[in-house]
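The exercises below ask you to work from the sequence and the coordinates towards a reasoned description. Try each task before reading the solution that follows it.

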Amino acid sequence: MYFDYDEDQNEFRSVLRQLLAQYADMERVRTVAETGRIDGELWGVLCSEMAAPALHLDEEIGGAGFSLVETAILAQELGRTLAPVPLIATAIATEAITRLGTEAQIDAELGPVLSGERIVTAPFVALADLAVAVHADAAGALTGDLDFVPHAVDADALIVGASLPEGGVGVFLVPTGAAGVAIDEGDSLDLTRAGSPVRLQGAQGELLGGVAADSVRMDRVDAVGRTLLAADMVGAARETLSVAVEYAKIRRQFNRQIGSFQGVKHLCSDASIAIELAHPVADWAAMTYGQDEFAANSVLAKYQASEALTVAASNSIQVHGGMGFTWEAVPHLYFRRAAALAQAYGDANANLQVIYREVATAA
Amino acid sequence: MEISYPTEAEAFRTRIRSFIESNLPEGWAGIGALAESEQEAFVAKWRQALADNNLLAVSWPVEYGGGGLSDIEQVVLAEELTRAGLPEGTENDTLGIKLLGNTLIALGTPEQKAEFLPKILSGEHVWCQGFSEPEAGSDLAGLRLKAVRDGDEWVVNGQKTWTSSGSSANWIFAIARTDPTVVKHRGLSFLLIPMDQPGVEVRPIVNAAGYTAFTDVYFTDARTKVVNMVGGVGDGWKVANTLLGFERGIRATTDAIRFGREVGELTELAKQRGVDGDPFIRRELAWCHARVHAMRARGLRMLTQLLEGTGSPVSGSYSKAIWSQFFQRYTEVATQILGPAALAPRGQGNAGLLTVAHVGTENSSKRWVDEMLYGRAATVYGGSLQIQKNIIGEAAHGLPREPRLDGGAFQDITAAK
């Protein structure tokens, strides 16, 4: 029985914190965010020095041989700082390539992604759900609209699920520079994880595995996305709460620190309680990576973390008062993350539908 | 990270399971399936079975007649009893054994240990707790029960309230004010008072759900010996805090078990009522299952921290805030499922239990309506939700306390009213 971080994992976290203190202070994060791009330098450092996207992958395919818990710790710390790097999209892509690709595809595609040389992104949508909007023809040309692809402008390729003419869902790797790929550049709700709508019109993709994808394997790819997003939201929720708490200690009204008012204090406590619930659920999902229960646990993790970040980010704005609704103050960046990720892999209602199917009927 | 229990703990679990199996009547379906008239007798018999197997005072060291179980063994026992819907003893035992017994072991004199511990175990002394008062709820340290020294006795006057199982008790541990001239926390002392005397009167309180689980206890020149004070004069607040610290997370993993069972029965109720296809009901049920999963995950995190000694002192406040709000919400879902049938509660009730009904209680409208009504109490007793949020904000996050208006001698702040 040891359902907590071990010494090495705590050490890993503190190394990450030092690194991110250097590369992801709020000023730098905001400067990069204004460009709508990723922080290429930080991503390079994370890939080369921390084996960022390779942490949980097997050593024989070029991974670092840790567990998904380590990657989740990294996701938490990135969520905390809102650093604009494509960790989670990359982890979805590598999971798709390694679980669904042929040996030759893994050999060809994985290395450059793990080194950070190439960026392969993926929408935060279940692969099978993508296939409702995207269709492949017999030659592997894809047509359909993607509402939002994170990091689309920076990406060399993207992973997408598409319905196959013979039935079933195929998972494709699509170079973003290919003919028939149109990226609609513009504003993003989440300023620190920007993305774009992408229209595919006969874009040529490479079918991973060369055949229709196995649904259990696709579930596993989706589960990696949900689990790491849950970790990201837990980290973001902790930080936005901590910023609110610090503000409540400094800001004075009625000749008192506002944090001494129960009306303000309880906004912080409510966020704290939500995080207290969400954090172990997120860890549980990461811990069960690759097990039968992983997919169901990932839905629970995403749902609970989204609830926690939504409460924490909303309450943080409220604690900050008018200041909290200014562009220059930090809270809206976390609120934007909360609002954006609430939609990832289905909103709360969609998540609960899945939970009913997976958990309530199984119980 | 991993969530498997150590081999020794699993071996202990097997032992407990076979103990449970061999000590239950054939066709056992839970206390709730017994007629109300038989329940008390069963609990008494069950208490004896626990005592005979040294499983009654498991948190006490062996030298005091306890089970001397390790933390993980206590956790496993609590899990298995919860799973089977069996009590750890009578309701008074929780107060006598877990709270007072452990406090005496930690802070009692050798004479107090020799006098009281065996009688707690034998059941000769049946304990209740006298903390809350009409004028001291959340502000417990503002209590007024007055104790004045008279020779080798303390003379006690005043009132305690919300005393659970007061009618079945013959001793009460109470905090009393022994010095009104000092700051309120410092003027308190912890007294053990026999209830079988003319100066002590117990009156049941009928609660909003119509049950009488609690009592008022009135003291009129009641007396107890000077040797029946735990700690010194003025140590009452410290002793009370020691006592309240004895929950220590042994029940970290049981909330998910008992609430999980409730949500299972709620899902069953939805099917029986033919509303399990309703998307709104489904959404609520899914939310309930998600919350039980979160309680399970958090419980195992707390268990790990209990075993490693890394737990947070605020953890109990999170637990209380989480389960009390959950209890409210899912029992409201129950009335949603029942619909108009909730307006005429029928069938077996919750027997006046604070939270979940006994295992084996029928899936009746009265049981769920009772629980829904009790949901209102859950965020009040045992430290209100708002007090728990204060503790979380202040102790976990370092937020400032409200400015205090209750400094100075206790007699001065009460005189001002």
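**Exercise 1. State what covers the buried residues of H3(B), and check the length of this helix.**

In this predicted model, the cover over the buried residues of H3(B) includes three helices of chain B, namely H1 (7-23), H7 (254-272) and H8 (279-308). The residues that are covered in this way are B:Glu73, B:Gln74, B:Val75, B:Val76, B:Leu77, B:Glu79, B:Glu80, B:Leu81 and B:Thr82. For the length, take the 14 residues of H3(B), residues 71-84, at 1.5 Å a residue, which gives an expected span of 20 Å; the end C-alpha atoms are 20 Å apart, so the two values agree. Directly after the helix comes B:Gly85, whose phi is positive, near 70°.

**Exercise 2. Classify B:Lys366 as buried, partly exposed or exposed, and describe its surroundings.**

Begin with the location: B:Lys366 lies in helix H10 of chain B, which runs over residues 365-378. Next, count the C-beta neighbours inside 10 Å; there are 18, and because a residue is buried only from 20 upwards and exposed at 12 or fewer, B:Lys366 counts as partly exposed. Then list the contacts, leaving out residues up to four places away in sequence: B:Lys366 touches B:Pro345, B:Arg346, B:Gly347, B:Gln348 and B:Gly349. Finally, for a distance across the chain, the C-alpha atoms of B:Lys366 and B:Arg83 are 23 Å apart, with these positions 283 residues apart along the sequence.

**Exercise 3. Judge how compact chain A is for its length.**

The secondary structure of chain A consists of twelve helices and ten strands. Its radius of gyration is 20 Å, whereas the globule rule gives 21 Å for 363 residues; the two are close, and chain A is therefore as compact as a globular protein of that length. Along the principal axes, the C-alpha trace of chain A spans about 70 × 45 × 40 Å. Of its 363 residues, 58% are buried, and among the contacts with a separation of 6 or more, 74% join residues 24 or more positions apart.

**Exercise 4. Find the residues with the most contacts inside the largest nonpolar core, and follow one of them outwards.**

The largest nonpolar core has 237 residues, and those with the most contacts inside it are A:Ala282 and A:Ala308. H8(A) supplies the largest share of this core, with 18 residues. Once neighbours within four places in sequence are set aside, the contacts of A:Ala308 are A:Met233, A:Val234, A:Ala237, A:Ala274, A:Ile275, A:Leu277 and A:Ala278.

**Exercise 5. Determine in which sense S7(A) pairs with S3(A), and then with S6(A).**

Strand S3 (residues 141-150) and strand S7 (residues 195-204) of chain A run antiparallel and share eight bridges; within this pairing, A:Gly144 has A:Leu200 as its bridge partner. S7(A) also pairs in the antiparallel sense with strand S6 (residues 181-183) of chain A, over three bridges, and here A:Ile183 stands opposite A:Val198.

**Exercise 6. Describe the side of chain A that touches chain B.**

The count comes before the composition: 36 residues of chain A are in contact with 40 residues of chain B. The elements of chain A that give two or more residues to this side are H8 (215-250), S10 (256-257), H9 (262-287), H10 (294-320) and H12 (348-360). H9(A) gives the most, with 14 residues. Sorted by class, the side of chain A that touches chain B has 21 nonpolar, nine polar and six charged residues.

Key
Residues are numbered from 1 along each chain as its sequence is written. Chains are lettered from A and ligands numbered from 1 in the order in which they are written. This is a predicted model: local features need pLDDT of at least 70, side-chain atom pairs count only at pLDDT 80 or more; totals for chains, interfaces and linings use all residues. Helices (H or I, at least four residues) and strands (E, at least two) are DSSP runs, numbered from the N terminus. The expected span of a helix is 1.5 Å times one less than its number of residues. Two residues are in contact if their C-beta atoms, placed from the backbone, lie within 7 Å. Ala, Val, Leu, Ile, Met, Phe, Trp, Tyr, Cys and Pro count as nonpolar, Asp, Glu, Lys and Arg as charged, and the others, Gly among them, as polar. The radius of gyration is taken over C-alpha atoms; the globule rule is 2.2 Å times the number of residues to the power 0.38. A nonpolar core is a set of buried Ala, Val, Leu, Ile, Met, Phe, Trp, Tyr and Cys residues joined through C-beta atoms within 7 Å. Two strands pair if DSSP finds at least two bridges between them.
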